[in-house]
Amino acid sequence: MGKGPGLYTEIGKKARDLLYKDYQTDHKFTLTTSSTTGVAITSAGTKKGELFLADVNTQLKNKNVTTDIKVDTYSNLYTTITVDQPAPGLKAIFSFRVPDQRSGKVELQYLHEYAGISSSIGLTANPIVNLSGVIGTNVLALGTDLSFDTKTGNFTKCNAGLSFSNVDLIASLTLNEKGDSLNASYYHIVNPMTNTAVGAEVTHSFSTNENTITIGTQHALDPLTMVKARVNNAGKASALIQHEWRPRSLFTISGEVDTKSIDKSAKVGLALALKP
């Protein structure tokens, strides 16, 4: 376990990664090349049905400053500048998108042994202000996540979360959607030697009185091959296999089937990530 409680976004992250990360029904190809001078270029293409999306990302690193510049299919230019450790425990992030003149944002993150704070503000006349904070330790942490619209004077987001971590398990409880949604998640390492783990997530909506339950597992067949599976109470079952066929290069195939509509064709996704 890491030192300190981390940021609010890390509450329940292990369970979310197990249940949702790398699952997809699209076809995606990613190629990353890098140089010894700290420049990395990543080209990505994704086929979603009949639609094809592509983007090129260039990353430049100079000491503690990282600059990411990305251009997508629609000629949008995304720029993110990250300054790591301008002061102990601090990270500063500046981002904007061209041609959107209202997209500029400044974010500050601070990590301490007993706290994690993240704040951001939009660079507009009436910005949206985001603030999240976590207090506690790497075992027990309590946090909140708020967004305030200075134009309307209303809170657009008001969440709270609690996390408990042990050597082989992580449990979390979050209250989202301004108190309308309650989410509980659980992640348990069954065998660290084979990276075998199980996870579950339960979400209850107070306004609709509906529950969403998802359970999943993962297991390493060998040091280079991982399999995962999940199922939810809506009858959707998914599985994937991911193989590292060369260092840092991954091939992933995933599928999803609706067990309540067996007559429908299964959805299959492919992803190839190359890092020479």
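**Group meeting: strands S10 to S13**

So, strand S11 and strand S12, residues 169-176, pair in the antiparallel sense over six bridges. Before I go on: this is a predicted model, where local features need pLDDT of at least 70 and side-chain atom pairs count only at pLDDT 80 or more, while totals for chains, interfaces and linings use all residues. Residues are numbered from 1 along each chain as its sequence is written, and side-chain values use heavy atoms, with hydrogens and water left out.

Quick note on terms. Strands here are DSSP runs of E, at least two residues, numbered from the N terminus, and two of them pair if DSSP finds at least two bridges between them.

Back to S11 and S12: they make a hairpin with three residues between them. Which residue in S12 is the bridge partner of Leu162? That's Leu173.

On to S10, residues 140-149, which pairs with S11, residues 154-165, in the antiparallel sense over 10 bridges. Here Thr144 sits opposite Ala160 in S11. These two strands also form a hairpin, this one with four residues between them, and Gly153 in the turn has a positive phi of about 75°.

Okay, last stop: Tyr186, in strand S13, residues 181-191. Is it buried or exposed? Tyr186 comes out partly exposed, at 36% relative accessible area; buried would be under 20% and exposed over 50%, using a 1.4 Å probe and protein chains only. Leaving aside neighbours within four places in sequence, Tyr186 is in contact (heavy atoms within 4.5 Å) with several residues, among them Ala15, Leu169, Ile170 and Val198. And the C-alpha atoms of Tyr186 and Ile215 are 9.3 Å apart, with 29 residues separating them along the chain.
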